[in-house]
Amino acid sequence: KGDHVAAESTLLQLSGDFSSMAVTNWTSAAMVYAGMGENQRALTCLERAAASHEGDLTFIGVDPAFDRLHSEPRFLALKKSLGLP
């Protein structure tokens, strides 16, 4: 699955970075959660990214970071709502 300690450290760093930003980059947070195997958290972040109209979402169907989400109904619904193949 990956190095959970390093991933948690990255999330803490991102959280600090996010708190100083006007807008959170939910797609980046989703990548970290997906890498940790936290699929539901990753999907929640992707849904927030969609609500925030993040441009990075265009690539979720082909980005290997999200491969483990491809069979998730929420992921499929999100792709459909975004008009992605």
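A charge is taken to sit over a ring if NZ of Lys or CZ of Arg is within 6 Å of the ring centre and within 35 degrees of the ring normal. In this predicted model, local features need pLDDT of at least 70 and side-chain atom pairs count only at pLDDT 80 or more, whereas totals for chains, interfaces and linings use all residues. Residues are numbered from 1 along each chain as its sequence is written, and side-chain values use heavy atoms, with hydrogens and water left out.

By the first criterion, the charged end of R48 sits over the ring of W26, at 4.9 Å from the ring centre.

Helices (DSSP runs of H or I, at least four residues, numbered from the N terminus) were examined for packing, with axes fitted as lines to C-alpha atoms over the stretch in contact and angles running from 0 to 180 degrees between N-to-C directions. Helix α2 (residues 26-36) and α3 pack at an angle of about 165°, their axes being 8 Å apart, which makes α2 roughly antiparallel to α3 (over 145 degrees, as against under 35 for roughly parallel, 65 to 115 for roughly perpendicular and the rest for oblique). In this packing, W26, T27, A29, A30, Y33 and A34 of α2 meet R41, A42, C45, L46, R48 and A49 of α3, where contact means heavy atoms within 4.5 Å.

Helix α3 (residues 39-51) also packs with helix α4 (residues 73-82), at an angle of about 15° and with the axes 10 Å apart; α3 is therefore roughly parallel to α4. On the α3 side this contact is made by Q40, L43, T44, L46, E47 and A50, and on the α4 side by R74, F75, L78 and L82.

Key:
Helix = DSSP H or I, 4+ residues; strand = E, 2+ residues; numbered from the N terminus.
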